[in-house]
Amino acid sequence: MPCTDTTTQPKPLTMFDDDTPIAQLLDATLGKPKLLVVDDQPINIQVMHQIFGSDFQMFMATSGPQALAICKDNPPDLVLLDIVMPGMDGFEVCSQLKADGATRNIPVIFVTAHSDAAQETHGLDVGAVDFISKPVNPAVVRARVKTHLTLKFQSDVMRKLVFLDGLTGVFNRRYFDQQLGMEMARSVRNSTPLSLIMLDVDFFKRYNDHYGHQAGDDCLRQIALTLKESLRRPADLVARYGGEEFACILPETSFEDALALARDLEQRVRAKNIPHERSDIAQVVTVSLGVSGRDAAGAGDAGVLLAEADVQLYKAKHAGRGRACGQLTKLA
């Protein structure tokens, strides 16, 4: 049943051998790998596009500041970076990328006509992973890029393992807290909406007491899988917030769309038909959901968004459970 307040207020680790086509690296990503080429000479960008255009999402920048902006708003999987550019050179661009927690794990390969030892040493000191000399050899540059993408994807998987909930396989509370802050900052910076769903399994203590903790663990795993399968876009995130409580971060999703998704999640969990004889509202497991959302304008506060979703979750429980309540949050 709806309860709406309209008041405005890892994929598994993958190894690649020398014969693996670049296209097969897609198994380690959510789509084609993203490659940023930074060079002040359009002809050099065109050469790289000819080499990688069929296998990568290609992004181009002709200056250091432009490259930094792209990396912050839409982080690539790897950067091919010229050293000699007017204004901000490649060394400074790389230094700034490595100084920012949001971009420091993006591998940078310098592509330069200058190949003396001092420059290469300096480039490695500021955080580059490799050097490629101009004019580039297509076979060599493809091999180098594939090697460093493989290493990055493996490193990404290892980092994500630290943020996974051991029982359900979805992200844990630590990762949720980190990502909510990052997504709020991105929402404010890009003037895009951001929504949040908090979800609680109804009468879960009774379920555990009646069916046993092993059955309770299996119930949580089924709900986590249902949530993962129901989220619509790669940027959407589901995490186990604690105990029988889950949370979904929905970037670039309006409050209205998030509320509709929450109602759909409630129905999908109910349709799993997980028996729950001790529930007061149904003979199957149900969930209560609270939804909050930030519109595309105004300030942003992750803590306020989270608190509002929690308030709406309480309202859903107080109104009878097995439903979604929501409110658009006005952040001054």
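Leu 80 stands opposite Ile 109 in strand 5. The model that shows this pair is predicted. Strand 4 covers residues 78-82 and strand 5 covers residues 108-112. The two strands pair in the parallel sense, over four bridges.

Strand 4 and strand 5 belong to a wider sheet. This open sheet has five strands, in the order 3-2-4-5-6. Its pairing is parallel. Strand 3 (57-61) lies at one edge and strand 6 (130-133) at the other. Each of these edge strands pairs on one side only. From one strand to the next, the twist averages 20°.

Helices lie across the strands. Helix 3, made of residues 90-99, lies across strand 4 and strand 5. Relative to strand 5, helix 3 runs at about 180°. Helix 5 is formed by residues 138-161. Helix 5 lies across strand 4, strand 5 and strand 6. Its direction is at about 165° to strand 6.

Helix 3 also meets helix 2, which spans residues 64-73. The axes of the two helices come within 9 Å and cross at roughly 25°. Angles under 35 degrees count as roughly parallel, so helix 2 and helix 3 are roughly parallel to each other. Their crossing is right-handed. On the helix 2 side, the contact is made by Gly 64, Ala 67, Leu 68 and Cys 71. Helix 3 contributes Val 93, Gln 96 and Leu 97. The residues of this contact divide into five nonpolar, two polar and no charged.

A second helix pair lies later in the chain. It is formed by helix 8 (residues 213-230) and helix 9 (residues 255-271). Their axes come within 10 Å and cross at roughly 140°. Helix 8 and helix 9 are therefore oblique to each other. The crossing of helix 8 and helix 9 is right-handed. Helix 8 makes the contact through Ile 223, Thr 226, Leu 227 and Ser 230. From helix 9 come Leu 261, Leu 265, Arg 268 and Val 269. In the contact of helix 8 with helix 9, five residues are nonpolar, two are polar and one is charged.

Charged side chains were examined next. Side chains of opposite charge can pair when their charged atoms come close. A search of the whole structure finds 16 salt bridges. One salt bridge joins the side chains of Lys 152 and Asp 156, at 2.7 Å from N to O. Both residues lie in helix 5. Lys 152 and Asp 156 are four residues apart, about one turn of the helix.

Two details of the backbone remain, and both are found in loops. A cis peptide bond joins Lys 134 and Pro 135. Its omega is about -5°. Pro 135 lies in the loop between strand 6 and helix 5. The other detail concerns Ser 191. This residue has a positive phi of about 55°, although it is not a glycine. Ser 191 lies in the loop between helix 6 (173-190) and strand 7 (194-201).

Key:
Residues are numbered from 1 along each chain as its sequence is written. This is a predicted model: local features need pLDDT of at least 70, side-chain atom pairs count only at pLDDT 80 or more; totals for chains, interfaces and linings use all residues. Side-chain values use heavy atoms; hydrogens and water are left out. Axes are lines fitted to C-alpha atoms, for helices over the stretch in contact, and angles run from 0 to 180 degrees between N-to-C directions. Angles under 35 degrees count as roughly parallel, over 145 as roughly antiparallel, 65 to 115 as roughly perpendicular and the rest as oblique. A crossing is left-handed if the near helix is turned anticlockwise from the far one by less than a right angle, and right-handed if clockwise. Contact means heavy atoms within 4.5 Å. Ala, Val, Leu, Ile, Met, Phe, Trp, Tyr, Cys and Pro count as nonpolar, Asp, Glu, Lys and Arg as charged, and the others, Gly among them, as polar. Two strands pair if DSSP finds at least two bridges between them. A salt bridge is a side-chain nitrogen of Lys or Arg within 4 Å of a carboxyl oxygen of Asp or Glu.
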